[in-house]
Structures are given as C-alpha cells and as structure tokens.
Amino acid sequence: MKKELRLAQSVLFFAAPLVTSSVLLVSPSLAATFASAEANVFLENFSQSPDSSTVSAKTNTVTMTPVGSVLDADEGENASSVSAGDSATAIAQADSLFFTNSPAFATNTNLSEAFGDQDNFFGFAQSEASVIGEFLLNPAPNSTESFSFDFTAFFNLATSGEKSTAAADISLVVLGGTDPNPANQTVFDFFSVSGELNTLGEDDLFSVDASDNFTLNTFLPSGDFGVDIEEESADLLAMGSYQRQFDRPTYLTFVETKETKATVQASTQVPEPASTLALVIFGGWLSLAGRSISMGCRSRRRIL
C-alpha cells in the first residue's frame, strides 16, 4: 500500500544551489543544444545521531566530436569532472556531507550539464552523491523506541535543442535487522522521486513512490515542458518526514542517494558512443558491505 500524497499550503524555498565550488553554468541561449540537471537534498531532525556514517560522490563526463573523445571521472567526498571537445562540453559535480554530532544533519548536491553546437557532437554528464548512517535502536523492555528524521528534496531540469535529455533521481532507503551488517538487513521503508525531460519528445515525466512510514507534506512539481517545446524546464520540491517504532533491539542503515544525468546530441551523430559510455557510466547501485542494492525503485507512480 502506497502512502497517499498530502499537499501542504506552505513551501520552503530550497532552490538555492548547495554547490560550494565554482562551476560555470552555461545559459541555454549560449548553446545550440543544452541539458542541465541539478538535485539537492537536506536531512535533519534525526531522532539520534548515527553510530557511524559514510559519504561518497562520483562524477563522469564524456564528449565525442569528429576531432576525438574526451573522458573524465572523479570520486570521493566531493567530485568534479569536465570533458571539453571542440564542439561539446560536459560538466559534472557532486558534494556530500553528514554531520554526525547532535543535532545530526546530512546534505548533498549533484550537478550535471552538457552542451554543444555545430553539426556533429555528443556530450554526456553524470553525477551521484550518497550518505549512509548506521544506527542502533535499543528500546527498554516492554516499550518502544522511535527512529525519525525530516527531509527536503529539490531538483531542477532544463533542456533545449533538438536532442537533449536531463534526468534526476532521488532515493531514501531504511534497512534493518538483528545483524549490524547491512548485507544481512532487509529493506524496511523507501521513498523515491524522479524526473526526466526529453526535448521534442513525449517521455517527459515526474514520478514518486513511498512506503507507509514516509509522510509527504509538500510535493510541488512545476515547469514548462511538452511535445514540440524546444526549451523545456521543470522543478520539483518534496518535503516530508519519516517515523517508525521499534519494540526490540534493531540495527538500522539509512541510505540517501541521488543521481543526475545530462545528454546532448547533434542531429548528425558522431560514431556510435555506446562502447565509450560503457567505460564510464555508473548506474544507481550502491555497495553496502559486499551487498549491492539498486537504489532506484522501478514501481513508481507517474504523476505528470
């Protein structure tokens, strides 16, 4: 059973970018074909601080033109990649932070941009950021203990030109069990939201899915997109909370991850990029103590 979406009248402005490093943002008017995807998440009011935490960021970029191919990749707590060809440029950046002292909070941001001009180019940018917190719930006999937090998620997508795609995917997952090893835990709850714009296409969509212990207080998609619109834009703001009661000792692993992608392509395509992309593209998979879990939930509800 999916949690019913409950829209609120108030809204927190969360569109300001959290990227602290300097990144050159390219206006769609300066490039014949342009795609941009940015996503931000802020997590606060954790009922307790994590016993341990991990943050990660990954970026990949590739450009292909008649002159040649340029690939770049980076990973760490902060990551940044740039690929620049003679007629295409791709930029990706990701930052991630988990402040574990009370009151604990976590935040991360992704930016993927690609743009090109002239008659023969391909550009691709991809970024992923994640935070992981491990907790122990240990209620007293014949009582319960609550695990809870609040979240704010925002993404912005923009495309222009004949062939451009921008996509963002945000997922929150709570795993748990009697074993502290996440590889032996089961998925208790999840929340996911995504969006994708395809210029001049019919596949523009927003989707959201959530299990019962997530409460979505604000869900505000907006933008200008549709078939035969050469310059599309879309924003989505989601605010809510998570709460679950436990009546026995339980190890929990909380995982938040997000991915953004931007792709541009000329009508006259350079040689097939599939083999090159296979070397750099990473999917929405995260390794937890030897166990790989897909962070993307595929049974989503299309809402626009």
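In this predicted model, strand β1 (residues 33-44) and strand β8 are joined by 11 bridges and run antiparallel. One contact that can be located along this pairing is Phe34, which stands opposite Ser160 in β8. Strand β8 itself spans residues 145-160 and is mostly covered, with 12 of its 16 residues buried.

Strand β8 also pairs with strand β13 (residues 231-246): 16 bridges join the two, and they run antiparallel. Here Phe147 has Arg244 in β13 as its bridge partner. Arg244 has a second contact to look for, since this residue lies over the face of Phe188, at 4.5 Å from the ring centre.

A further set of pairings is built around strand β9 (residues 164-177). This strand is mostly covered, as 13 of its 14 residues are buried. With strand β14 (residues 250-265), β9 pairs in the antiparallel sense over 14 bridges. Thr165 stands opposite Thr263 in β14. With strand β10 (residues 186-198), β9 again pairs in the antiparallel sense, over 12 bridges. The bridge partner of Leu175 in β10 is Val187. When following these strands by eye, it helps to recall that in a regular strand the side chains alternate between the two faces of the sheet.

The aromatic residues come next. The structure holds 18 aromatic pairs. A pair of aromatic rings is described by the distance of the centres and the angle of the planes. For Phe191 and Phe214, the ring centres are 6.0 Å apart and the planes stand at 35°, so the pair is tilted. The cut-offs behind that word are under 30 degrees for stacked and over 60 for edge-to-face, with the rest counted as tilted. This pair links distant parts of the chain, with Phe191 in strand β10 and Phe214 in strand β12 (residues 214-224), 23 residues apart. Both Phe191 and Phe214 are buried.

The two rings also belong to a wider group. Ring pairs link Phe191 and Phe214 into a cluster with Phe46, Phe98, Phe135, Phe147, Phe149, Phe151, Tyr242 and Phe254. Phe147, one of the cluster members, is the residue already met as the bridge partner of Arg244 in β13.

Strand β7 (residues 122-137) contains Ile132. Ile132 counts as buried because its relative accessibility is 11%, and the cut-off for buried is under 20%. Ile132 and Ser53 are 79 residues apart along the chain, yet their C-alpha atoms are separated by 5.4 Å.

The last feature is the second largest pocket, which holds about 160 Å³ of space. Its lining is made up of 13 residues, and those that lie nearest its centre are Asn78, Asp95, Ser96, Leu97 and Thr107. Two or more residues of this lining come from each of the elements β2 (52-65), β5 (88-99) and β6 (105-116). Strand β5 gives the largest share, four residues. By type, the lining of the second largest pocket divides into four nonpolar, seven polar and two charged residues.

How values were computed:
Residues are numbered from 1 along each chain as its sequence is written. This is a predicted model: local features need pLDDT of at least 70, side-chain atom pairs count only at pLDDT 80 or more; totals for chains, interfaces and linings use all residues. Side-chain values use heavy atoms; hydrogens and water are left out. Buried means under 20% relative accessible area, exposed over 50%, partly exposed in between (1.4 Å probe, protein chains only). Two strands pair if DSSP finds at least two bridges between them. On a 1 Å grid over the protein atoms alone, a cavity is a set of points where a 1.4 Å probe fits but cannot get out, and a pocket is an open set with protein on both sides within 12 Å along at least five of seven lines; lining residues have an atom within 4 Å of a point. Grid points are joined across faces, edges and corners, and a volume is the space filled by probe spheres set on the points. Ala, Val, Leu, Ile, Met, Phe, Trp, Tyr, Cys and Pro count as nonpolar, Asp, Glu, Lys and Arg as charged, and the others, Gly among them, as polar. Rings of Phe, Tyr and Trp (its six-membered ring) pair if their centres lie within 6.5 Å; planes under 30 degrees apart count as stacked, over 60 as edge-to-face and the rest as tilted. A charge sits over a ring if NZ of Lys or CZ of Arg is within 6 Å of the ring centre and within 35 degrees of the ring normal.
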